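Visitor: Before we discuss the charged residues and the pocket, may I see the model?
Guide: Certainly; here it is.

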Amino acid sequence: MAVSDSFQQHIADIFAPIGRIHFLNMFGGAAVYAEEVMFGLIANETFYIKTDDELRARLRDKGSVQFVWNDPSSDDTIRLSYMSLPDSAIDDAAEAVKWGRKALQVAAEARIRKVKSPRRIKLMR
C-alpha cells in the first residue's frame, strides 16, 4: 500500500524544523530524509525513526515498536534499526521533533561510519 500524500505532508510539516524534508517512495512505503540524510521511514501509515542501541532502548521504554520486514523470498524476519515514535509524540509536534533530531544525529553518525569503513574505501577505489 502506497503512502498517502496527506500523511507525507503531515510528516513534512512536523519535522520541518530539523531541515528540508523529502521522501523517496519505495516498496509501498517511503524513506524520509532531512536534507540528504535518511532519518526515518514510513510503512503502513506509521512513521519510524533511525536508532542506535541506546535510542532504541529509550524508545522501547516509551512503548515504541521496532520496524520488522518479512522477506517474501526467504520467509526471514528482518528487524531494522528503526522504531516507531512513542504514542506521546504522535500528537505532540515538539516531542516528535525532539525524537527526530536524535534520529537524525544517529543517521548522520551511521552515514559517516559507513563512508569511513575500510571495505567501502577499498570498493570505491
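Guide: In this predicted model, D71 is buried yet has no salt bridge.

Visitor: How do you know that D71 has no salt bridge?
Guide: The nearest side chain of opposite charge, R79, is 14 Å away, whereas a salt bridge requires a nitrogen-oxygen pair within 4 Å. D71 lies in the loop between strand 5 and strand 6, where D71 touches D76 and I78, leaving aside residues up to four places away in sequence.

Visitor: What makes E36 and R20 a salt bridge?
Guide: Their side chains meet at 3.2 Å, N to O, and the limit is 4 Å. The pair links distant parts of the chain, 16 residues apart: E36 is in the loop between strand 2 and strand 3, and R20 in the loop between helix 1 and strand 1.

Visitor: Why is E36 called partly exposed?
Guide: Its relative accessibility is 48%, and partly exposed covers values between the 20% and 50% limits. R20, at 45%, is therefore partly exposed as well.

Visitor: What makes D53 exposed and R56 buried?
Guide: D53 has 59% relative accessibility, and exposed means over 50%. R56 has 14%, and buried means under 20%. Their side chains also meet in a salt bridge of 2.5 Å, N to O; the two residues are three apart in helix 2, so about one helical turn separates them.

Visitor: Which classes of residue line the largest pocket?
Guide: The lining has 14 nonpolar, three polar and no charged residues. The pocket has a volume of about 370 Å³, and strand 3 gives the most to its lining, with four residues.

Note on methods
Residues numbered from 1 in each chain as written. Predicted model: local features only at pLDDT ≥ 70, side-chain atom pairs only at ≥ 80, totals over all residues. Heavy atoms only, no water. 1 Å grid on protein atoms, 1.4 Å probe; cavity = no way out; pocket = protein on both sides within 12 Å on 5 of 7 lines; lining within 4 Å. Points joined across faces, edges and corners; volume = space filled by probe spheres on them. Nonpolar A, V, L, I, M, F, W, Y, C, P; charged D, E, K, R; others polar. Buried < 20%, exposed > 50% of the residue type's maximum accessible area, 1.4 Å probe, protein only. Lys, Arg positive; Asp, Glu negative; His and termini not counted. Contact = heavy atoms within 4.5 Å.
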